[in-house]
Amino acid sequence: MSDAIRVVLVDDQQMVRAGFRMVIDSQPDMTVVAEAGDGVEALRVLGRERADVVLMDVRMPRMDGLTATAALTSEADAPRVVVLTTFDIDEYVLEAIRAGASGFMLKDAPPEEMLAAIRTVHAGDAVIAPSSTRRLLEHLVTALPTPDAPPSAAHRALATLTDREREVLGLMARGRSNTEIAADLYVAEATVKTHVGRILAKLDARDRVQAVVLAYETGVVRPGA
């Protein structure tokens, strides 16, 4: 299909790439267009191959996934990046999201979750809904601001949110989808989408992931709350 989602796999384990390729290529709406074994090769491949979504491993030789993600997302019209991780390297995942990744998933996630992640980020959203994402975010964010810390640009941006927008941001940070937020607040889903759009604009956030990370970092949501 000419309009299929174009996916690039970046992982130093060939067997992992082969497994992902088999699952992705089995779908009628997506195709693997290239593979790379490390960040250096990934940037070279993506310099000549158009991609919509990149599945990016973190630990790789020569150039790791963090450096590659930052370099890739700094370019105009960059593809969306989903970071592949395991819990033992989760401290790196937050850095990858800050560098521009649109989300992350665990390497041992079920195939249907990987496919859903690809479709989600391709549609312009971010992988933030699964409960595993919330648990991982809570585990990641250990350095929250102290009460006497000077106001940051993030805090100033948060101050521009209305009470309802802060409420929606809090629910987003707890992994709630637009449909679930609408049910929680007894409003239409279209209203929630409007609130989310305004939140992202006010926070200058690329997507839900960036907004949620900011919510944790600024204390709008506390881990375990």
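Biologist: What should helix H5 span at 1.5 Å a residue, and how far apart are its end C-alpha atoms?

Modeller: Keep in mind that this is a predicted model. H5 takes in twelve residues, 111-122, so at 1.5 Å a residue the expected span is 16 Å. That agrees with the distance between its end C-alpha atoms, which is 17 Å.

Biologist: Are the buried residues of H5 on the same side or not, and which arc do they cover?

Modeller: The buried ones are Met114, Leu115, Ala117, Ile118 and Val121. They sit on the same side of H5, because the arc they cover around the axis is only 155°.

Biologist: Which elements do those buried residues of H5 pack against?

Modeller: One helix is on the list, H1 (14-25). The strands packed against are E1 (5-10), E2 (30-36), E3 (53-57), E4 (80-85) and E5 (103-106).

Biologist: Which residues touch the most other members of the largest nonpolar core?

Modeller: That core has 24 residues. Elements giving it two or more residues include E1, E3 and E4, along with helix H2 (39-48) and helix H11 (208-217). Val83 has contacts beyond four places away in sequence with Met56, Phe104 and Met105, among others. The residues touching the most other members are Val8, Val10, Val54, Met56, Val81 and Val83.

Biologist: How do H8 and H10 cross: roughly parallel or roughly perpendicular?

Modeller: The axes of H8 (residues 163-173) and H10 (residues 189-203) come within 10 Å. Contact residues include Val168 and Leu169 of H8, and Val196 and Ile199 of H10. The axes cross at roughly 95°, which means H8 to H10 is roughly perpendicular.

How values were computed: Residues numbered from 1 in each chain as written. Predicted model: local features only at pLDDT ≥ 70, side-chain atom pairs only at ≥ 80, totals over all residues. Heavy atoms only, no water. Helix = DSSP H or I, 4+ residues; strand = E, 2+ residues; numbered from the N terminus. Expected span 1.5 Å × (residues − 1). Buried < 20%, exposed > 50% of the residue type's maximum accessible area, 1.4 Å probe, protein only. Arc of directions from axis to C-beta. Contact = heavy atoms within 4.5 Å. Core = buried A, V, L, I, M, F, W, Y, C linked by side-chain atoms within 4.5 Å. Axes fitted to C-alpha atoms, helices over the stretch in contact; angles between N-to-C directions. Parallel < 35°, antiparallel > 145°, perpendicular 65-115°, else oblique.
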